[in-house]
Structure formats: C-alpha cells, structure tokens
Amino acid sequence: MWVAVLLGLLALEFRASGVQRANDVFIDEVTYADLAGQIADGHMPSILGKPFFLHPPGSYALNALVMRLCGLEGHPLDLALQLRWVNTVLGTVTVVVCFLVVRRLVGTGPAALAGIVLASDPFVLRMDGRLMMEPPAGLAVLSGWLLVLLLVNRKWRAARLWLEICAGLVFGLAIVTKDMTVVFTVVPLLLGVFWRNTVPPLTAMRVIAAAMVPYAIYLGWITASGLLPQFVDQKSVGVLRMAGAVQMSGFNSVPGVTLTDRLMDMVGRFGTSYVLLGLSIVAGAIAAFSPLAERRVIGLFSLLTGLVGIYSVFFGAAEEQFGYCVVLAALASTPVAVMMVVDWLPRLRWTAVTASTLMVVLSLALGIQARSVVDDGLVRARDWMNTELPVSSKVGLTSVTGEFALLPHESWEVLPSLQSLRDGGAQYVLTQGRQLGEGYGFAAPELLDWLKNNARPVFTFTGPTSGDTVVWQLDRTKLDAAVAGGLILPPISGGYR
C-alpha cells in the first residue's frame with residue numbers, strides 16, 4: 001500500500017504545482033463554473049436563458065456542492081480558477097486507482113510504472129489542471145472497472161450482488177457526468193458477455209441495470225419538469241456532433257487545420273501522450289486475447305475506448321478532451337499487453353524494460369515542463385486592464401473565451417470587426433493570437449494583421465496555449481479611415497452572436 005501512497009503524493013505534487021497559472025483559461029471552464037454556480041444557487045443549469053442538456057449535470061453538481069461547502073462565489077472566471085482544485089484531487093485519486101487496476105492484472109512493478117506515467121503525463125495534467133468534466137468522469141470509469149475486476153473469475157459470494165450494484169452505480173456516475181462514457185463502460189461489458197465468456201451474463205445484466213439508475217433519475221427529473229422535448233433536441237445535436245455529422249467544435253471544424261499540423265505543433269509538449277493514445281487500440285487488442293478473463297475485459301475496455309478516440313480524430317468532433325479516457329485505458333491495458341508479448345517472446349524482455357524506462361523518464365520530463373510553464377495570459381490581461389485602464393475605457397473583445405470569461409463588464413463588449421469597433425467607440429481591443437489565427441475566435445484572422453500594422457500593443461503576454469494575448473490601443477483616425485474606405489473585416493461565419 002505504501003507504493004500507492006507514494007504515487008498519490010507524486011500525482012498531487014504534479015497537479016498542485018501551477019494549478020492556476022500553468023494552463024490558460026479554456027472557454028468550457030468558465031461555462032462549467034457558471035453552470036455549477038446556478039446549481040449551487042438552486043437553479044436549473046442554463047445558457048443564454050435556455051436549459052442546458054448537452055451534457056448531464058454530474059460534474060456541475062459536484063462543483064456546486066464544493067461551492068456550497070466552501071462558500072465560493074464570484075465571477076465564473078474566478079470560480080473556475082478556484083474549482084480547478086477539485087480536479088486536482090480527483091486526478092490524484094485516479095492515479096491511485098490506475099495503480100490498483102494494473103497491480104491486480106500484472107503485479108506491483110508494472111503498476112508502479114503505469115502510475116508514474118499517469119501521475120506525470122502532460123496531457124492528463126492539462127485536463128486535471130482545468131475545470132473539465134473528464135477528470136470526474138474518468139475517475140468513475142476506472143473505479144468501476146476496478147470493481148468489475150473483483151467480479152470476474154469469482155464464484156458467487158454473499159457480497160457479490162452488492163459488489164455488482166456498486167460497480168454499476170459507479171459506472172452510472174460516469175454516465176451522468178459525461179454520457180458518452182457509456183461506450184467506455186456498458187458497451188465493453190456487453191461485448192464481454194459474447195467474447196470468450198469473459199463476463200458472466202447475469203453479472204453484466206445486474207451491473208448494467210445499476211448503471212442506468214443515475215441517468216434514469218436524471219431523465220425522470222427532466223420529464224417531470226416538462227423539458228423532455230428540449231432535452232431530445234439538444235441531445236440529438238450532441239450525438240450528431242460526436243458522430244461528425246455536425247462540425248461545431250474541434251479542429252475538424254476549422255478549415256486549414258489538419259491532424260498533421262496539430263500533432264507537429266504539440267508533439268514537443270505531449271509526445272508521450274500521443275504514444276499512449278496510439279497504444280490504446282493495439283494494447284487493448286492484445287489483452288483481449290489473454291487466457292485470463294480479467295485481462296480480457298480490460299482489453300475490451302481499452303480497445304473500444306481507443307476506437308472511439310480514433311473515430312473522433314478522423315471523423316468526429318475531435319476535441320482534445322476526448323483523449324482523457326483513452327489515455328487511462330491505454331495505461332490500464334499496455335502493461336498487460338507488454339507482459340503477454342514478453343511471455344510469447346522472452347528475448348524481447350530487455351527491449352520492453354528499456355522502452356518502459358524511457359517512457360517513464362520522458363513522461364516525467366514533459367510533466368515537469370508542463371507544470372513549470374506560466375500560461376495564464378487571459379487572466380493577466382484582465383488584471384492589467386482592470387488596473388491600468390480607466391473604468392470607462394471601451395474594450396472590444398474578439399474571442400469566444402474572452403466573451404465568456406470577461407463579461408459582463410460595463411464598458412467591455414464583443415466587437416469582432418473593424419466596423420463594430422468603430423461603431424462601438426472602442427478604444428482598445430483584446431486578442432488571443434492562436435484562437436484567432438486558427439479560426440476559433442469571433443474575429444477574422446485578418447483582423448490581427450490589421451492591428452499589427454495600425455494599432456499599438458500596450459499589453460502582451462506569450463504562452464503556449466493562446467500564443468500572443470495582446471491588448472491593442474486603437475488609433476481612431478486609422479480605424480475611421482479603414483471603415484470609410486470599405487475595409488470592414490467582418491466576423492467569421494457563425495461566430496458572432
């Protein structure tokens with residue numbers, strides 16, 4: 001048990017370091033903090049005055065509970081930064097659970113290596129360092145599989161029924177936190193019934209029945225509130241987004257940004273994470289052929305999770321957070337696959353040892369790099385404007401994150417074109433270079449070029465997430481002349497509301 005404790009301390013150290021400065025604010029964080037605040041105040045979660053059903057409320061309810069217990073309040077941006085500590089704790093527990101899963105499958109040594117990699121993996125640290133729903137969902141997924149492992153290959157015992165119910169309810173918590181986790185929980189369990197008798201049918205039936213309970217309660221509440229039609233409408237859009245039929249977010253929705261471009265751009269930060277994402281399918285397939293049922297069931301979990309990740313990258317929404325559970329699955333199955341390959345081909349033992357050692361060393365190095373960086377440009381820009389600019393200064397915001405993170409403010413508003421900047425009387429403009437340059441903002445990328453040639457930067461911060469976060473002081477004469485000459489630079493299609 002002391003190994004699990006040490007891994008937990010290592011994971012906590014990585015996650016607590018730079019929790020509020022190592023990752024620039026992500027739009028979802030501010031949205032989720034606002035939804036949690038609404039629940040904490042006793043209201044139904046909503047966005048722009050409409051009930052929000054795109055995702056289930058599990059993570060928002062958890063954060064609302066923390067807010068009530070700790071007395072947290074304030075602007076959603078400040079709440080998001082404070083609530084990041086919740087995922088810091090949850091991510092730490094996930095590392096310990098991963099160790100317990102792998103130890104049960106292949107022993108303490110490989111489990112310790114897997115725990116070190118998960119504790120320091122730069123991509124996982126990025127997710128655990130933000131207010132995202134993936135850390136609580138991922139913890140529930142992995143914890144559920146740990147309970148399932150206790151059921152596989154075991155004869156009936158008096159406590160077995162309760163264990164099945166507990167495993168199902170934990171899976172249910174994952175589903176009511178992020179409903180696409182049904183593919184990482186229920187589907188592999190069902191497949192296990194038919195794949196080489198891996199999971200006893202009655203066990204699968206009881207676990208799945210219990211897993212449906214939390215979501216059934218959620219649906220019952222929606223139906224009783226008369227909101228089922230709105231739920232169906234929003235959930236239909238969510239399914240189409242996941243399938244890739246509707247591209248509203250992710251790099252597949254951005255013209256000119258390819259998978260190769262993104263991988264090359266981020267490989268220096270997340271190289272080991274990419275290896276794990278790729279291993280999830282291969283390792284899962286190998287583990288699925290193990291003679292041991294508990295290894296097979298984890299193999300099925302990894303295989304299906306990896307396939308969903310691959311599909312989302314090439315055809316689906318391709319949002320980076322989809323990779324969180326893929327990394328967890330890869331770290332659960334890869335040690336099993338490596339042990340199986342070494343048993344088949346003993347001459348590869350030292351190759352496996354060398355590769356594992358290299359993976360651990362690189363992951364630790366990239367993890368240290370990830371938590372050492374200062375990447376809080378939007379918060380710094382906000383603080384600078386509040387301190388250095390007169391309260392009445394008119395600031396134009398150009399990105400979606402800027403809108404959600406900085407509004408409401410009496411003299412700031414979304415002004416994403418030259419014409420809106422002129423008509424709105426803007427004196428300053430806030431831009432985030434990477435978001436605008438890749439088409440994720442309201443403003444067209446060409447606005448940046450115009451500002452570089454015609455405005456004066458009065459605040460600049462450069463970070464790996466947003467590139468250059470800049471506050472520009474406008475020259476009203478040049479702005480008026482540009483618009484009068486027909487240079488409007490309208491916002492990108494579908495961006496500005």
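Guide: Before we look around, here is a cut-off to keep in your pocket: buried means under 20% relative accessible area, exposed means over 50%, and partly exposed is whatever falls in between. Also, the model you see here is a predicted one.

Visitor: Got it. Why does Arg476 count as partly exposed?

Guide: The relative accessibility of Arg476 is 28%. Partly exposed runs between 20% and 50%, so Arg476 gets that label. Asp480, at 33%, is partly exposed too.

Visitor: What makes Arg476 and Asp480 a salt bridge?

Guide: The cut-off is a side-chain nitrogen of Lys or Arg within 4 Å of a carboxyl oxygen of Asp or Glu. For Arg476 and Asp480 the N to O distance is 3.7 Å, so the pair passes. The two residues sit four apart in helix α21 (residues 476-484), which means about one helical turn separates them.

Visitor: How many salt bridges does a search of the whole structure find?

Guide: There are 14. One of them joins Arg382 to Asp78, with the closest N and O atoms 3.1 Å apart. Arg382 is in helix α16 (residues 377-388) and Asp78 is in helix α4, so this pair ties together parts that are 304 residues apart in sequence.

Visitor: Why is Arg382 called buried?

Guide: Its relative accessible area is 13%, and buried means under 20%, so the name fits. Its partner Asp78 is at 27%, so Asp78 counts as partly exposed.

Visitor: What links Glu29, Arg84 and Arg130?

Guide: A network of salt bridges. And if you want a pair inside a helix, try Glu164 and Arg160: their side chains meet at 3.4 Å, N to O. Both residues are buried, and they lie four residues apart in helix α8 (residues 160-177), about one helical turn.

Visitor: On to the rings. How many aromatic pairs turn up in a search of the whole structure?

Guide: Eleven.

Visitor: What makes the pair of Trp195 and Phe289 edge-to-face?

Guide: Two checks. Ring centres have to lie within 6.5 Å, and planes over 60 degrees apart count as edge-to-face. Here the centres are 5.2 Å apart and the planes stand at 90°, so both checks are met. The pair links distant parts of the chain, 94 residues apart: Trp195 is in the loop between α9 and α10, and Phe289 is in the loop between α12 (259-287) and α13 (293-314). Phe289 has 51% relative accessibility, so it counts as exposed.

Visitor: And why is the pair of Tyr218 and Trp221 called stacked?

Guide: Planes under 30 degrees apart count as stacked. The planes of Tyr218 and Trp221 are 25° apart, with 6.4 Å from centre to centre, so the pair falls under both cut-offs. Tyr218 and Trp221 both lie in helix α10, three residues apart. They also belong to one aromatic cluster with Phe53, Tyr215 and Phe231.

Visitor: How do you know whether Lys178 is buried or exposed?

Guide: Check its relative accessibility: 6%. That is under 20%, so Lys178 is buried. Lys178 sits in the loop between α8 and α9, and the residues it touches include Pro56, Met133, Glu134 and Phe322.

Visitor: What about Leu48: buried or exposed?

Guide: Exposed, because its relative accessibility is 67% and the cut-off is over 50%. Leu48 is found in the loop between β1 (46-47) and β2 (50-51). Its phi is near 55°, a positive value in a residue other than glycine. Most residues other than glycine have a negative phi, and most peptide bonds are trans.

Visitor: Which kind of peptide bond runs from Leu407 to Pro408?

Guide: A cis one, with omega near 5°. Pro408 lies in the loop between α17 (400-406) and β4 (412-414).

Visitor: Last stop: how many residues does the largest nonpolar core have?

Guide: It has 95, and among those with the most contacts inside it are Val101, Trp145 and Leu189. Helix α4 (residues 76-106) gives the most to this core, with 13 residues. Leu189 touches Trp145, and its other contacts include Val148, Val199 and Ile208.

Definitions and conventions
Residues are numbered from 1 along each chain as its sequence is written. This is a predicted model: local features need pLDDT of at least 70, side-chain atom pairs count only at pLDDT 80 or more; totals for chains, interfaces and linings use all residues. Side-chain values use heavy atoms; hydrogens and water are left out. A nonpolar core is a set of buried Ala, Val, Leu, Ile, Met, Phe, Trp, Tyr and Cys residues joined through side-chain atoms within 4.5 Å. Buried means under 20% relative accessible area, exposed over 50%, partly exposed in between (1.4 Å probe, protein chains only). Contact means heavy atoms within 4.5 Å. Rings of Phe, Tyr and Trp (its six-membered ring) pair if their centres lie within 6.5 Å; planes under 30 degrees apart count as stacked, over 60 as edge-to-face and the rest as tilted. Lists of a residue's contacts leave out its neighbours within four places in sequence.
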